[in-house]
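Hello,

Here is the structure for your files, with the sequence. My notes follow below it.

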Amino acid sequence: MKTPKQHRILAAGLSILLSISTLSAPAFAEEADTLTDRNGDGIVDVFDIVLSKREAVEASRPLTFDFLPAEGNAGDTISVDVMLNNNTGISGMSMLIDYPEEFSPVYNENCCLSYELSEAFLNCGISISEVADRHLILIYNITPIEFFDSGPVMRLDFTIPKDTPAGEYPISFHNVQVKDMEQNSVTAVLVERGSIVVNEPPQEPVVTEPVTPPTTPPPPWGIDVSRWQGDINWNSVKNSGASFAMIRMGYGKYAKQADTKFVQNYNNAKAAGMPVGVYWYSYATTAADAVLEAKACLQVLGGRKLEYPIAFDIEERKQINLSPSAFCAVITAFCNVIEQAGYYAMVYGSANPLETHLDSAMRQRFDVWVAHYNVSKPKYSGNYGIWQYTSKGSVSGISGGVDCNYVYRDYPTIIKRAHLNGY
């Protein structure tokens, strides 16, 4: 049994430890009620203080960071909202957001990460940047902040590349650190894992009219592929009768958005003796952005030889909503840069927007690669060099469906005679 003196010494020591520990206690912990004999030893002392503080922390509602649900279709640009709940005042924070590997954050005209802060955070000196090659976004404050609101903190935009398979893609927080208004670390922070849902593509319309072959015999056919076809056995593709391949190089206006399978597909297709062309998926709505996309495309191409054209893939809804003149200006800007670099340019798109947006001068200026499925011929009145007639082809050497195309021009001969594409 301890003497009163020993008891007082122990109580004093615990009191000192408690005073140190409470410096880092969450600012949102409630003050203890009027002290009572919490542990039932007949004495109101430091042990009861410890118990009261512990009860207050357990009863408090911790800060919670989470994501609002987000969804979109392949090829869309979507927004993800970051939320903060139960905030009673913070002066500093930092965190990492791990975004899906398949997606790419949106950048502004200065090649910086594009984001939108909530009104409460606009003057708080928040910095947001991408961690290069890590699929992480770093968020932290660079000046002292006083933030008391709960609710939206920021909005981050991501692009879902074309042909991204439908499914649920996780997005999560890491290394969340928060300080209260007294600069104490807030330890009771919860983070909720979120996700981005990519919807199933819309079903193709059912065509009741009989579909007849476009010609008898049909013209030569080939495929177009991207990373979503996985590892391709190009010798099997060649032996199946495919006469050419259009390979995706990437998308957007940054070379770092190159298709991760481009180099592998190019090298293996060439090794199998397959004539190759390429395409670049566009998000541009202005001529200036189209020029940046063309430069990124050429950077990824790296001077490689091609037997088929470089196609400008324009099919985003925001592009189709442009006026015909603006639509044509975007195409012209991209293709001009490609041609000035000594390559053969063409434009890819669906039949309807090409029909409604391309004027007669554009139809004569650039070759067209038109997409239209379940029809006997594309409903595009201009001339076209390639027709993408299905997205559900079955070709030996490729797992799953693949885009198949008929070709109507002898591009290898045309390109080599004109000494284009590295020839």
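The main item is a closed barrel built from 8 strands, in the order 14-15-16-17-18-19-20-21, with mixed pairing. Within this sheet, neighbouring strands are turned by 30° against each other on average, direction ignored. Please keep in mind that the model is predicted.

One pairing in detail: strand 19, residues 367-371, and strand 20, residues 386-393, run in the parallel sense and share 3 bridges. Ala371 has Gln388 of strand 20 opposite it.

Two helices go with these strands. Helix 4 (residues 262-271) packs on the sheet, where it touches strand 14 (221-225), strand 15 (245-251) and strand 16 (276-281). The direction of helix 4 makes about 160° with that of strand 15. Helix 7 (residues 324-340) lies across strand 16, strand 17 (310-313) and strand 18 (345-350). Against strand 17, helix 7 runs at about 160°. Strand 16 is thus a partner of helix 4 and also of helix 7.

For the chain as a whole, the totals are these:

- The chain holds 10 helices and 21 strands.
- The chain has 423 residues, and 45% of them count as buried.
- Of the contacts with a separation of 6 or more, 69% are between residues 24 or more positions apart.
- The exposed area of the chain is about 20700 Å², with 51% of it supplied by carbon and sulfur atoms.

If you check the numbering, residues count from 1 along the chain as its sequence is written.

Regards

Key:
This is a predicted model: local features need pLDDT of at least 70, side-chain atom pairs count only at pLDDT 80 or more; totals for chains, interfaces and linings use all residues. Side-chain values use heavy atoms; hydrogens and water are left out. Helices (H or I, at least four residues) and strands (E, at least two) are DSSP runs, numbered from the N terminus. Buried means under 20% relative accessible area, exposed over 50%, partly exposed in between (1.4 Å probe, protein chains only). Contact means heavy atoms within 4.5 Å. Accessible areas come from the Shrake-Rupley method with a 1.4 Å probe; for residues, only the protein chains shown count as cover. Two strands pair if DSSP finds at least two bridges between them. Axes are lines fitted to C-alpha atoms, for helices over the stretch in contact, and angles run from 0 to 180 degrees between N-to-C directions.
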